[in-house]
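Me: I would like to go through this model with you before I set anything up. Could we start with the backbone and then turn to the metal sites?

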Amino acid sequence: MYKAKAKSAGGDSSAVYDVRMTGRAVGRLDLESDLRLALGRNELSLEYQPIMDVATEMPVGFEALLRWRHRDQGLIMPDTFIPIAEETGLILPIGAWVLREALRQVQEWRRSVPAAENFSAAVNVSGRQLVAKDFPEIVEEAILFSGIDPAAVHLEVTETVLMDQPDLPKETLQRLSRLGIGLSIDDFGTGYSSLSYLKWLSARTVKIDRTFVEELGSDPHGATIIELVLGMAGSLNLDVIAEGVESKVQLSELRRLGVRHAQGFLWSKPMPPAPVPSWLTALTAGSPGQEPSPHVR
Ligand code: C2E
Ligand code: CA
Ligand code: CA
């Protein structure tokens, strides 16, 4: 059929195009139905990336990052399946599981690893979750279930999601802030937040997007934007975390600028939970200035 169609169109290229399109649509449908089963099949897991104190290069907490080990396709990264989860609404049960599991895991480290006693737990949250009526209860339940101090919980919401949800229930934000948890604005600099908006959200942290950190040391504009964010954050009393730090040059630039916290492959890639306690122990046992080798997948 495709061949006949292509011939009448006067070439082969349209036939190839049609077949590819169909293949993609089928692949997407498969992923969608497989994602529905992924939770029950225990195919979802979390990896943890440390958030570091820039001055001491010691961790202050972990961000939980979702992974999907598909039975046939192997590891699928969140950028591929989170959009599907958001469109289908599957992000609601998946997101509730992420919250519960991440808080449980970080609290376990807080209890069992001395160096982790005051660690924070950062969890990514989609817009779809944030506007769900029962979201504050889900957060509260996860906190109670884990026994973690609510002040150690940071929900990360991207700047663009916040801008896209003008009717974000004010009640949700009030209830979350009454719980005592912190809100972090993720990928900061990629949207166009106004300062008043940040204040209204009662955000506690902004995370400077990786694209600005990447430019440090090469493009002077990178430093300029970070300086602007720092100025704003200072006057609003917000903590700043720089994302995607990969080199010593970037680290020393961040130090010079006065950024307090950072994350990146320079210290560690996101790691599965099992090696985390020994990674932490090696850090505290190491002599000053000596670094553990970054975790390699
Ligand atoms: P994000 O929240 O901005 O997470 C940071 C991403 O940057 C992670 O990718 C992390 O592995 C990567 N990264 C960290 N340090 C470096 C570095 O030094 N260099 C480079 N090149 N990359 C670095 P990942 O794990 O693939 O996650 C991608 C995005 O998926 C996240 O971006 C977040 O928006 C979303 N995501 C992940 N887990 C969840 C989740 O549980 N729920 C929701 N709603 N979204 C999630
Ligand atoms: Ca994040
Ligand atoms: Ca980010």
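Me: Is Asn42 buried or exposed?
Reply: This is a predicted model, and in it Asn42 is exposed, with a relative accessible area of 68%. Asn42 sits in the loop between helix H2 (13-38) and strand S1 (44-53).

Me: What is the phi of Asn42?
Reply: Asn42 has a positive phi of about 55°, although Asn42 is not a glycine. Most residues other than glycine have a negative phi.

Me: Which strand holds Asp187, and what is its phi?
Reply: Asp187 belongs to strand S6, and its phi is near 50°, a positive value in a residue other than glycine. Asp187 is partly exposed, at a relative accessible area of 25%.

Me: And what phi does Gly180 take?
Reply: Gly180, just after helix H8, takes a positive phi of about 95°.

Me: Which residues of H8 are buried?
Reply: In helix H8 (residues 170-179) the buried residues are Thr172, Leu173 and Leu176. Viewed down the axis of H8, these buried residues fall within an arc of 95°, so they line one face of the helix. An α-helix has 3.6 residues a turn, so residues three or four places apart point the same way.

Me: Now the metals. What are the protein donors of the calcium ion (ligand 2)?
Reply: The calcium ion (ligand 2) has as protein donors Glu63 (OE), Asn124 (OD1), Glu156 (OE) and Asp186 (OD), at 2.2 to 2.3 Å. Along the sequence these donor residues follow the spacing E-x60-N-x31-E-x29-D. Asn124 lies in strand S4 (residues 120-124) and Glu156 in strand S5 (residues 153-158), so this pair ties together parts that are 32 residues apart in sequence.

Me: Which of these is buried or partly exposed, taking Asn124 and Glu156?
Reply: Asn124 is partly exposed, with a relative accessible area of 28%, whereas Glu156 is buried, at 2%.

Me: How far apart are the calcium ion (ligand 2) and the calcium ion (ligand 3)?
Reply: The two ions are 4.4 Å apart, and Asp186 coordinates both.

Me: What else coordinates the calcium ion (ligand 3)?
Reply: The protein donors of the calcium ion (ligand 3) are Asp186 (OD), Asp187 (OD) and Glu243 (OE), with Glu243 (OE) listed twice, and they lie 2.1 to 2.6 Å from the ion. Their spacing along the chain is D-D-x55-E. Asp187 lies in strand S6 (residues 182-188) and Glu243 in the loop between strand S8 (239-242) and helix H12 (248-257), so the pair ties together parts that are 56 residues apart in sequence. Glu243 counts as buried, at 13% relative accessibility.

Me: Changing topic: which residues touch the most other members of the largest nonpolar core?
Reply: Within that core of 82 residues, Leu35, Phe62, Leu103, Leu155, Ile226 and Val245 touch the most other members. Helix H4 (residues 91-112) supplies the largest share of this core, with 8 residues. In soluble globular proteins, nonpolar side chains tend to be buried together.

Me: And Leu198, which residues is it in contact with?
Reply: Leaving aside neighbours within four places in sequence, Leu198 is in contact with Ile185, Phe188, Ala203, Val206, Met232, Leu236 and Leu238. Leu198 is part of helix H9 (residues 195-200) and counts as buried, at 2% relative accessibility. The C-alpha atoms of Leu198 and Leu238 are separated by 9.6 Å, although the two residues are 40 apart along the chain.

Me: How many helices and strands does the chain have overall?
Reply: The protein chain has 13 helices and 9 strands. Of its 297 residues, 46% count as buried. Among contacts between residues at least 6 apart in sequence, 67% join residues at least 24 apart. The accessible surface comes to about 15000 Å², and 55% of that belongs to carbon and sulfur atoms.

Me: Last point: what pLDDT does the chain average?
Reply: The protein chain averages a pLDDT of 87, and 85% of the residues score at least 70. Over residues 1-21, however, the pLDDT is below 50, and this stretch has 10 contacts in the model beyond near neighbours in sequence. Where pLDDT is low, the predicted coordinates should not be read in detail.

Key:
Residues numbered from 1 in each chain as written. Chains lettered and ligands numbered in written order. Predicted model: local features only at pLDDT ≥ 70, side-chain atom pairs only at ≥ 80, totals over all residues. Heavy atoms only, no water. Donors = N, O, S within 2.8 Å, 3.2 Å for Na, K, Ca; no water. Helix = DSSP H or I, 4+ residues; strand = E, 2+ residues; numbered from the N terminus. Buried < 20%, exposed > 50% of the residue type's maximum accessible area, 1.4 Å probe, protein only. Contact = heavy atoms within 4.5 Å. Areas by Shrake-Rupley, 256 points an atom, 1.4 Å probe, with all protein chains shown as cover. pLDDT = per-residue confidence, 0-100. Arc of directions from axis to C-beta. Core = buried A, V, L, I, M, F, W, Y, C linked by side-chain atoms within 4.5 Å.
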